[in-house]
Amino acid sequence: MHERSSVAELANSLKQELDRYSPGGKLPSSRALVERYRVSPVTVSRALAQLAAEGLVVTRPGAGAFRAQPRTAAPPPGDTSWQEVSLSADAATELVPRAVDASGVLVTLAAPPPGVVEFNGGYLHPSLQPERAMAAALARAGRRPGAWGRPPIDGLPELREWFARGLGDTLGTADVLVTAGGQSALTTALRALAPPGAPVLVESPTYPGMLAIARAAGLRPVPVPVDAQGVRPQLLAAAFKATGARVFVCQPLFQNPTGAVLSPERRPEVLRIAREAGAFVVEDDFARRMAHEDAGPLPPPLAADDHDGVVVHVSSLTKATSPSLRVGVLAARGPVLERLRAIHVVDNFFVPRPLQEAALELVGSPAWNRHLRTVAAELRARRDATTAALLPALPGFTLPHIPSGGYHLWLRLPDGADEAALVSVSLRAGVAVAPGRPYFCAEPPAGHVRLSFAGVAGPAEIAEGVRRLRSAWDEVAAAAS
């Protein structure tokens, strides 16, 4: 059982027993709760913290937990309808409204109810995260001299150098900025490279979080279709010509959601087309450390082939470690680097030094390469288990591409299938999948769902999730017939 489920169950049990205690009455000790419910001390601590956050108990260090006094009646809510006028007052002067639909991002961040198979996740399952190695790295980092002081604005030099070593000979330590994860780096890049109202070329389909960033900045995403070999160069050139865009955002390696890898023939074409358009290529290299065991040698980042400062490179450690290890990088050459640096400083000041020190300790430890090898083997096994279960169970669905890296599959629904209904019925059946619609910035060519095999416990849960998905599909198909 996941620890999250244990915490929720214990919190619910304690709620049901609170009436046994008068306000101010002391609850059993943590040790007694551990023995009674056969859970860990951490689970007890988190369950009590949840009840304290809900105002049901009060915890006093060294004394224990006590039932909280009854709440006084809350004052009537105020009238916030004025905000609708204020927030939309400038809409008439905005070329692109800044209202943002974050549903495509939230579906991969929000934890579904206990017992639901999480095919919608965007991170490694806790069993795949290097928790011991990260804990040891954080402990060592906390003891480093100056670990809690102010770090250099651009990031720790040793960490910048480690990132730069993976970028080829065109970029050095001085060209690297440490960021608070990949999402923060993408936000900085788009704000730096395009003014509000400008078009920005994006792959279609593409990562909903990037579309949300663009729209929040008042940019206008313009789709450029991808196939199994990545973005299509002729369509990219046509899009630059038609829109006058000066930015193209792409994921050349294990693209999200298709899993495509930009082919060797197309790599120089993309750089040439962007250079001739006087445009930047924002390379989101999010999945390089999530290659599968059978991936073979990986192509270098696009930035390694770029000699003219076309590429702004983004990557992070988050996907391959933990959602809370939010350490990433921005790398670029030329005057654009100073603009990136200025926006990053204004938005963030700097990435907390203890987090940078911990990241440096982690990637420098023997456990790091062992972890990457384990992840590569596990992701391959889970990918194979998912595809083997999916295709016989859902014969009307198609899987255009089986990736050799990343953490998900992009499944096309039968023509005419109701994507929204399938997502909703699947959740009721106990399996969460990510809808395909948020991955398109224009009308999608067909219904899709994205299934993550990295956020589940293993083959048994994969098989159960596919069984529930088939049950949901049967219900949707029956309702449509």
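Ser-426 sits in helix α15, which spans residues 419-428; helices (H or I, at least four residues) and strands (E, at least two) are DSSP runs, numbered from the N terminus. The model is a predicted one, in which local features need pLDDT of at least 70 and side-chain atom pairs count only at pLDDT 80 or more, while totals for chains, interfaces and linings use all residues. Residues are numbered from 1 along each chain as its sequence is written, and side-chain values use heavy atoms, with hydrogens and water left out.

With a relative accessible area of 0%, Ser-426 is buried (buried means under 20% relative accessible area, exposed over 50%, and partly exposed in between, with a 1.4 Å probe and protein chains only). Beyond its neighbours within four places in sequence, Ser-426 is in contact with Val-431, Leu-469 and Ala-472, contact meaning heavy atoms within 4.5 Å. One of these partners, Leu-469, reappears below in the packing of helix α16.

We can turn next to the packing of helices α14 and α16. Two packed helices are described by the angle between their axes and the distance between the axes. Helix α14 (residues 366-393) packs against helix α16 (residues 459-480) at an angle of about 25 degrees, and their axes are 9 Å apart; axes are lines fitted to C-alpha atoms, for helices over the stretch in contact, and angles run from 0 to 180 degrees between N-to-C directions. At this angle α14 is roughly parallel to α16 (angles under 35 degrees count as roughly parallel, over 145 as roughly antiparallel, 65 to 115 as roughly perpendicular and the rest as oblique). The α14 and α16 crossing is right-handed; a crossing is left-handed if the near helix is turned anticlockwise from the far one by less than a right angle, and right-handed if clockwise. On the α14 side, the contact is made by Arg-382, Ala-385, Thr-386, Ala-389, Leu-390, Pro-392 and Ala-393, and on the α16 side by Ile-462, Val-466, Leu-469 and Arg-470. Sorted by class, the contact of α14 with α16 has eight nonpolar residues, one polar and two charged (Ala, Val, Leu, Ile, Met, Phe, Trp, Tyr, Cys and Pro count as nonpolar, Asp, Glu, Lys and Arg as charged, and the others, Gly among them, as polar). Helix α14 also holds Leu-372, which counts as partly exposed because its relative accessibility is 22%. Leu-372 and Ala-291 are 81 residues apart in sequence, with their C-alpha atoms 8.8 Å apart in space.

Strand β15 (residues 448-452) is mostly covered, with five of its five residues buried. On one side the buried residues are His-448, Arg-450 and Ser-452, and on the other Val-449 and Leu-451. Strand β12 (residues 408-412) pairs with β15 in the antiparallel sense over five bridges; two strands pair if DSSP finds at least two bridges between them. Strand β14 (residues 434-435) also pairs with β15 in the antiparallel sense, over two bridges. Arg-450 of β15 is the bridge partner of Trp-410, and Ala-434 stands opposite Arg-450 as well.

Elsewhere, an open sheet of eight strands with mixed pairing follows the order β4-β11-β10-β9-β8-β5-β6-β7. Strands β4 and β7 (230-231) stand at the edges with a single partner strand each, so one side of each is left without a neighbour in the sheet. Strand β4 (residues 176-179) runs antiparallel to β11 and is joined to it by four bridges, with Leu-177 opposite Leu-330. Four bridges also join β11 to strand β10 (residues 311-316), again antiparallel, and here Ser-315 has Val-329 as its bridge partner. Both faces of β11 (residues 328-331) are covered, with Gly-328 and Leu-330 buried on one side and Val-329 and Ala-331 buried on the other. Strand β5 (residues 199-204) pairs with strand β8 (residues 247-250) in the parallel sense over two bridges, and Leu-201 has Phe-248 of β8 as its bridge partner.

Just ahead of β8, the loop between α10 (233-243) and β8 contains Gly-244, which counts as partly exposed at 36% relative accessibility. Gly-244 and Gly-182 are 62 residues apart in sequence and 27 Å apart in space, C-alpha to C-alpha.

A second helix pair completes the account. The axes of helix α8 (residues 182-193) and helix α9 (residues 208-216) come within 10 Å and cross at roughly 40 degrees, and the crossing is right-handed. Here Gln-183, Leu-186, Thr-187 and Leu-190 of α8 meet Gly-209, Met-210, Ile-213 and Ala-214 of α9. By class, this contact of α8 with α9 has five nonpolar, three polar and no charged residues.
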